[in-house]
Amino acid sequence: MLEYIAKRTAIAVFVVFATSALTFLLLSLIPGDTAVMIIQRVFVGDVTYNPSKMEIEAAEQIFQLGNPMWMQYIHWLSNALHGDFGTSYISGRGVLGEILVRLPATVELAIAATILSLLVAIPLGVISAVRQNSKVDYSSMALATFFISMPNFWLGLVLILIFSLHFDLLPVAGYGGIDHLILPTITLCAGMMAVTVRLTRSSVLEVLRLDYITTAKAKGLGDGRILYRHVLKNAMIPVITIVGLQLGYLLGGTVIVETIFAWPGIGKLLIDSINARDIPMIQGCVVFIAIIFSLVNMLVDISYYFLDPRIKYEEV
Amino acid sequence: MAHRFKQSNLSEKLPLHLLKYKSTAIGLMLIVVLAFLAIFAPYLTPYDPIEVDLYNNIQSPSWEHPFGTDNLGRDVLTRVIYATRIDILASIFIVGISMIIGISIGILAGYYGGVIDKVLVGMMDTFLALPEIILALVLVGALGPGLFNVTLALSMLGWVKYARVSRGLALSIKEKEFIEAIKAVGVSDFYLVTHHIMPNTIAPISTLAVLSLGHAILSLAALGFLGLGAQPPMPEWGAMLNEGRIFLRVGWWISIFPGLMIMITVLAFNFIGDGLRDVLDPRLKLRERQ
């Protein structure tokens, strides 16, 4: 078990490093004179400022811009490991600080969306499976197909149109109390909910067919007892996998949802930085997203052990 | 309560199957209509998708403009129809390129095994370890915004799922006896792969490809919506939604109709993909019938 956790942690760390290197490489392709950009934005704060040759050379010296790519990356990496992710070209403030200020908003949104989607999707999926081919089953499957095909940015606009502009019940956008959280959460979790309903249903159906369920029935156990003690416990394992995988969807989704609802999270920060070509900030955001994603995937993988002792980790 | 756990037999399942095939038919019909719209766009509408007509800006839906007009007075229906061309062609391109890259890498890894396999699988795992849209954002951030760059970025990222599937297939097929027999005859690896392994991957890959078409349209439109894809005045569904977003209060139709088109298209591809899976993968169907 410990060996598996160590191995899994090593993979997660590798992924974060690989991502940071790949992002660094890609971002170095962005055209434009980095030294001039840094002087204008970070030091002078005036984009029309015309730096002298000496200033450019000094900046190149300080930020080691003349060095080969891999040396620049090592420089960035060693700074990052010491908690210095560089300085934003736009605001001139530290990247890490800005990300940490934005992070809670994204986490809040992601947790709210996960909770809402599980609260709705798991009961609905179980009911659909237990009452297979009933009206409930058909309508929840039809709804799921519908929501999987729906672009979340469109859903967000429709929700704003109905609940904010037409009925004036909820705020159009912004960050604040619980009323600000409602529409972004629904927008973010709709697609995830649809996938989870489908998966829970097929997973429960699969377990219902197994021999030990027949045995349990033959023993004369009640349906409720079979469902809770035997079916759900086993059916939830693939559901947890998907919830882990869905986190990727969720992090991708926050980029869009935060943009629609002007939610001050890391996703909006990423988009703003991409539009402004703020290279250190893009790099920082991507690395942070990679860290969150790898961490959660790792925890999901490890949690299987406690849920399904049949899994042998030596084989993984 | 007990009967609820009863195994359903085939006759009870039949409606679900019919429903599935009906939905496949609906999906095919929708795609035919969309293809018709894309091909005959200039003959279907009297308006120009790009030309600005400020006297008629933000008109609500009417007989002359069934989907209304946008902030620059352009007919939204016309733009939606022209956008069909761009979105569907771009998504076919994305899926095509991803398939070529993915199948080549997958078969290479599965057929040769060893170190090549290890390296390629490691690469696949790294790509899978991050959300696709985040990688796409970085690529587009580096390449710069624009329809071509977005299409390129998504083509570069979509290959992993094909690689995984074709690697698995190549692995299982190469152990089959008929491959041993063919090898004994002395044909080249290239002939063996193109004539005996690839044909066996068509069925599972084509299901995946159709389902990915919907996914590609969603990603393309999402990047368009973020302002990174097609740039104005090009009519693309996601970009149209983005342009109409600020006019939501005064002209909901500018952004709602393009989104509806995205949904219909994705739904159609998903319907066909689900149907294809049932027909082409009898194992799945069998399992469901048990």
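For the charge patch coming up, Lys and Arg count as positive and Asp and Glu as negative. Keep in mind that this is a predicted model.

**Exercise 1. Find the positive patch.**
Task: Which residues of chain A gather in a patch of positive charge on the surface, and is Arg229(A) buried or exposed?

Solution.
- Step 1: Look for Lys219(A), Arg225(A), Arg229(A) and Lys233(A); these gather in a surface patch of positive charge.
- Step 2: Place one of them. Arg229(A) sits in helix H10 of chain A, residues 223-260.
- Step 3: Check its cover. Exposed means over 50% relative accessible area, and Arg229(A) has 51%, so it counts as exposed.
- Step 4: Set this against the whole chain, which has 20 positive and 22 negative side chains. The centres of those two sets lie 15 Å apart.

**Exercise 2. Get a feel for chain A.**
Task: How many helices and strands does chain A have, and what share of its residues count as buried?

Solution.
- Step 1: Count the elements: chain A has twelve helices and zero strands.
- Step 2: Take the overall span. The C-alpha trace covers about 85 × 55 × 30 Å along its principal axes.
- Step 3: Turn to burial: 48% of the 316 residues count as buried.
- Step 4: Now the outside. Chain A has about 15,000 Å² of accessible surface, and 68% of that belongs to carbon and sulfur atoms.

**Exercise 3. Trace the nonpolar patch.**
Task: Which helix gives the most to the nonpolar patch?

Solution.
- Step 1: Pick out the members, among them Val107(A), Leu124(A), Val136(A) and Ile186(A); the patch has about 820 Å² of accessible area together.
- Step 2: See which helices supply at least two residues each: H5 (95-130) and H8 (178-208) of chain A.
- Step 3: Helix H5(A) comes out on top, with eight residues.
- Step 4: Try one member. Leu124(A) lies in H5 of chain A and, at 30% relative accessibility, counts as partly exposed.
- Step 5: Compare a residue of H8. Thr196(A) is in that helix of chain A, but at 1% relative accessibility Thr196(A) counts as buried. Beyond its sequence neighbours within four places, Thr196(A) touches Ser117(A), Leu118(A), Ala121(A) and Val239(A).

**Exercise 4. Cross from one chain to the other.**
Task: Which side chain meets Arg198(A) in a salt bridge?

Solution.
- Step 1: Start with the idea that side chains of opposite charge can pair when their charged atoms come close.
- Step 2: The partner is Asp274(B), at 3.5 Å from N to O.
- Step 3: Asp274(B) belongs to helix H11 of chain B (residues 253-280) and Arg198(A) to H8 of chain A, so the pair joins two chains.
- Step 4: Check the cover on each side: Asp274(B) is buried at 15% relative accessible area, while Arg198(A) is partly exposed at 28%.
- Step 5: Look at another spot where the chains touch. Ala129(B), in the loop between H4 (114-128) and H5 (132-143) of chain B, is in contact with Val15(A) and Phe293(A).

**Exercise 5. Follow a salt bridge inside chain B.**
Task: How many residues apart in sequence are the parts tied together by Arg167(B) and Asp117(B)?

Solution.
- Step 1: Confirm the pair: the closest N and O atoms of Arg167(B) and Asp117(B) are 2.7 Å apart, and the two form a salt bridge.
- Step 2: Arg167(B) is in helix H7 (residues 159-174) and Asp117(B) in helix H4 of chain B, so the parts tied together are 50 residues apart in sequence.
- Step 3: Asp117(B) is buried at 12% relative accessible area, whereas Arg167(B) is partly exposed at 21%.

Terms used:
Residues are numbered from 1 along each chain as its sequence is written. Chains are lettered from A and ligands numbered from 1 in the order in which they are written. This is a predicted model: local features need pLDDT of at least 70, side-chain atom pairs count only at pLDDT 80 or more; totals for chains, interfaces and linings use all residues. Side-chain values use heavy atoms; hydrogens and water are left out. Patches are made of residues with over 30% relative accessible area and no salt bridge: like charges are joined within 9 Å, nonpolar side chains (Val, Leu, Ile, Met, Phe, Trp, Tyr) within 5 Å. Accessible areas come from the Shrake-Rupley method with a 1.4 Å probe; for residues, only the protein chains shown count as cover. A salt bridge is a side-chain nitrogen of Lys or Arg within 4 Å of a carboxyl oxygen of Asp or Glu. Helices (H or I, at least four residues) and strands (E, at least two) are DSSP runs, numbered from the N terminus. Buried means under 20% relative accessible area, exposed over 50%, partly exposed in between (1.4 Å probe, protein chains only). The place of a charge is taken as NZ of Lys, CZ of Arg, CG of Asp or CD of Glu. Contact means heavy atoms within 4.5 Å.
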